[in-house]
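Thanks for coming, everyone. Please have a look at the structure on the screen, and then I will walk you through the surroundings of its ligand.

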Amino acid sequence: MIRLDKYLADMGIGTRQEVKKHIRKGQITVNGEAVTAPETKVCEGKDEVKMDGKPVSYASYEYYMLHKPSGVVSATEDPRERTVIDLIREKKRKDLFPVGRLDKDTEGLLLITNDGVLAHSLLSPKKHVDKTYYARIQGCVTREDVERFAAGLDIGSEGAKERTRPGVLEILKSGEESEIRLTIQEGKYHQVKRMFEAVGKKVLYLKRERMGTLCLDEGLKPGEYRSLTKKELEYLQMNQKGVSR
Ligand code: URA
């Protein structure tokens, strides 16, 4: 059971002060009865809450798979740029955030949720969650690069050492412009780009295809999203063992 004003504020109807005004004005009904006390307790998922006659259903957690397009920042708010959260039009929760960051020019799989425990279990370095990227690279990617990625690379700058864990590099096409798939278990800042810089090459295009058990739905075009299926969520949560809510 939660307070009616919290219920409405959680669902993005307005700030706590704004929703109190709606309630006091008699715009809200609970199970068909007008309710004017903001502190009224309601049962999420059981009581039927309506505002101006329109149902306001409650969601504790939301999980969206977004195909992040290039040109959008992985943040919740930004004074100048469009964010990945702005792209989720049907959201109910106002506390959604992206699980990890993709660079502004990177495309691909991004999980958007308000489930902090799940996010932690996917991002924690201790969990070694695989992230798989497809990339186009300027220059010829070689067997030697595959070995260097497998050994771990120093991606530090200005004399400071910063070693990566081993990465699994697969060459899909090699030539003046190469195509690769890379699986790493970390998420250091600009990691994929810096790993290729460490072997003297430049990433021209980068797309994340997979994070743990979650694969980008090929039916989603850049900018499109959908809710996770029950199975997708269950598989992701299996990775959470040992993390208490
Ligand atoms: N590595 C990068 O360099 N950029 C990303 O967006 C993700 C991984």
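The shell of residues around the ligand is made up of 4 nonpolar, 3 polar and 2 charged residues, where Asp, Glu, Lys and Arg count as charged, Ala, Val, Leu, Ile, Met, Phe, Trp, Tyr, Cys and Pro as nonpolar, and the others, Gly among them, as polar. Please keep in mind that this is a predicted model, in which local features need pLDDT of at least 70 and side-chain atom pairs count only at pLDDT 80 or more, while totals for chains, interfaces and linings use all residues. Residues are numbered from 1 along each chain as its sequence is written, and side-chain values use heavy atoms, with hydrogens and water left out.

Among the residues around the ligand, meaning those with a heavy atom within 4 Å of it, are Leu102, Asp103, Tyr133 and Leu206. Domain 2 (63-125 + 213-240) and domain 3 (130-211) each supply at least three residues to this shell, with the bounds coming from an automatic or database domain assignment.

Which atoms of the ligand do the backbone N or O atoms of histidine 190, valine 192 and lysine 193 lie close to? For histidine 190 the partner is an oxygen atom at 3.2 Å, for valine 192 a nitrogen atom at 3.1 Å, and for lysine 193 an oxygen atom at 3.0 Å, where a polar contact is a pair of N or O atoms within 3.5 Å.

How values were computed: Polar contact = N/O pair within 3.5 Å; in protein donor to acceptor, adjacent residues only side chain to side chain.
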